[in-house]
Amino acid sequence: MKGLYLLIDTLVFLGPLTRSFEPRIAYYSKWKRMLLATFLMMSIMIPWDVFFALEGYWGFNSDYLVDIYIGILPIEEVLFFVVVPFASYFIYEVMQLFFPINSTPKLIHNASILVGAFLIYASIEQTGIYTIVIGVTLGAELILAGLWKVKWLKSFFRSYLIILIPFLFVNGILTGSFLDNPIVWYSESEILGYRIFTIPVEDAFYGMEMMLIYTAVMQSKWIPKFFT
């Protein structure tokens, strides 16, 4: 189906967009900070995406694309980094509105440090480049979040557990669930080979890393006044 990836991006975006103007949520009012969070996150994730595509670690099935590219990346892949964080952080905001968590206990900070250290150690023992890179970089982020004792870490973990529900559906389609072929394919030699249905397990960690960057910017107290 030509354009399926773009359709998925559109549906992911429209879900929270239709609720963004409700007075209690007022998600639209954070648009300047969201632009900054998106830009900073993409400045990290896009070069990584380009490098992996150039090296053949992953790629895209043109049967499901609209054949518009930005560099070597299909427009749908670039939009993915806009709409998915937008939709995912919406879940964070809604959960905080109705069930606020205003602090993170020391136990969770310490656990974040330990899990991060384990991820780094376990990943460098592997051979797949995707596994190594995601393990080391996510591990470093979790260690920093624990060391800096960020107050929003507990609420982040809660929202991410909820995000995993739509993640299984959206990423499942992208990786081939319900389709004859995947929209996004992976070199089997660069991943562990463990999958959640059709989803490489590394993708769940990739999503967490992306949202940790995004949430850190959204929650930061050191953002220039223009973006607040």
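## Aromatic rings that pair up

Rings of Phe, Tyr and Trp (taking its six-membered ring) count as a pair if their centres lie within 6.5 Å. With that rule in hand, the count for this predicted model comes to 23 aromatic pairs. One of them joins Phe51 and Phe52, with 6.0 Å from centre to centre and 55° between the planes, a pair that goes down as tilted. The label fits because planes under 30 degrees apart count as stacked, those over 60 as edge-to-face, and the rest as tilted. These two partners get quite unlike labels for accessibility: Phe52 is buried at 3% relative accessibility, whereas Phe51 is partly exposed at 42%.

Now look at Phe156 and Tyr160. Their rings are stacked, with 6.1 Å between the centres and 15° between the planes. Both residues sit in helix α6, which covers residues 153-174, and they are four residues apart, or about one turn of the helix. Phe156 has a relative accessible area of 2%, so it is buried, and Tyr160 is buried too, with 6%. Rings can also join up in a bigger group: Trp48, Phe51, Phe52, Tyr57, Trp58, Tyr130, Tyr186 and Tyr206 form one aromatic cluster.

## Charged partners

Side chains of opposite charge can pair when their charged atoms come close. Searching the whole structure turns up four salt bridges. Among them is the one between Arg19 and Glu22, where the closest N and O atoms are 2.7 Å apart. Both ends are partly exposed: Arg19 has 43% relative accessibility, and Glu22 has a relative accessible area of 23%. Glu188 and Arg195 also meet through their side chains in a salt bridge, again with an N to O distance given as 2.7 Å. Here Glu188 is partly exposed at 48%, and Arg195 is partly exposed at 34%.

What does the salt bridge between Glu93 and Lys30 tie together? Start with the distance: the closest N and O atoms of this pair are 3.2 Å apart. Glu93 lies in helix α3 (residues 75-98) while Lys30 is in the loop between α1 (4-17) and α2 (31-55), so the bridge ties together parts that are 63 residues apart in sequence. Glu93 is buried, because its relative accessibility is 15% and the cut-off for buried is under 20%. Lys30, with 27%, is partly exposed.

## Two helices that pack

Two packed helices are described by the angle between their axes and the distance between the axes. For helix α4 (residues 106-123) and α6, the angle is about 65° and the axes are 9 Å apart. That makes α4 roughly perpendicular to α6, because angles of 65 to 115 degrees get that label.

Which residues do the touching? From α4 come Ile108, His109 and Ser112, and they meet Leu153, Lys154 and Phe157 of α6. Sorted by class, this contact holds three nonpolar, two polar and one charged residues.

## Two odd backbone angles

Most residues other than glycine have a negative phi. Lys149 has a positive one, near 55°, even though it is not a glycine. You can find Lys149 in the loop between α5 (129-147) and α6. Its relative accessible area is 51%, so Lys149 is exposed.

Phe197 also has a positive phi, at about 60°, and is not a glycine. Its place is the loop between β5 (195-196) and β6 (199-200). Is Phe197 buried or exposed? With 69% relative accessibility, Phe197 counts as exposed.

## Following one residue: Ile46

To finish, pick out Ile46, which is found in helix α2. Ile46 is buried, because its relative accessibility is 18% and buried means under 20%. Leaving aside residues up to four places away in sequence, Ile46 touches Leu73 and Phe81.

How far apart in space are Ile46 and Ala26? Going from C-alpha to C-alpha, the two are 29 Å apart, with their positions 20 residues apart in sequence.

Key
Residues are numbered from 1 along each chain as its sequence is written. This is a predicted model: local features need pLDDT of at least 70, side-chain atom pairs count only at pLDDT 80 or more; totals for chains, interfaces and linings use all residues. Side-chain values use heavy atoms; hydrogens and water are left out. Buried means under 20% relative accessible area, exposed over 50%, partly exposed in between (1.4 Å probe, protein chains only). Helices (H or I, at least four residues) and strands (E, at least two) are DSSP runs, numbered from the N terminus. Axes are lines fitted to C-alpha atoms, for helices over the stretch in contact, and angles run from 0 to 180 degrees between N-to-C directions. Angles under 35 degrees count as roughly parallel, over 145 as roughly antiparallel, 65 to 115 as roughly perpendicular and the rest as oblique. Contact means heavy atoms within 4.5 Å. Ala, Val, Leu, Ile, Met, Phe, Trp, Tyr, Cys and Pro count as nonpolar, Asp, Glu, Lys and Arg as charged, and the others, Gly among them, as polar.
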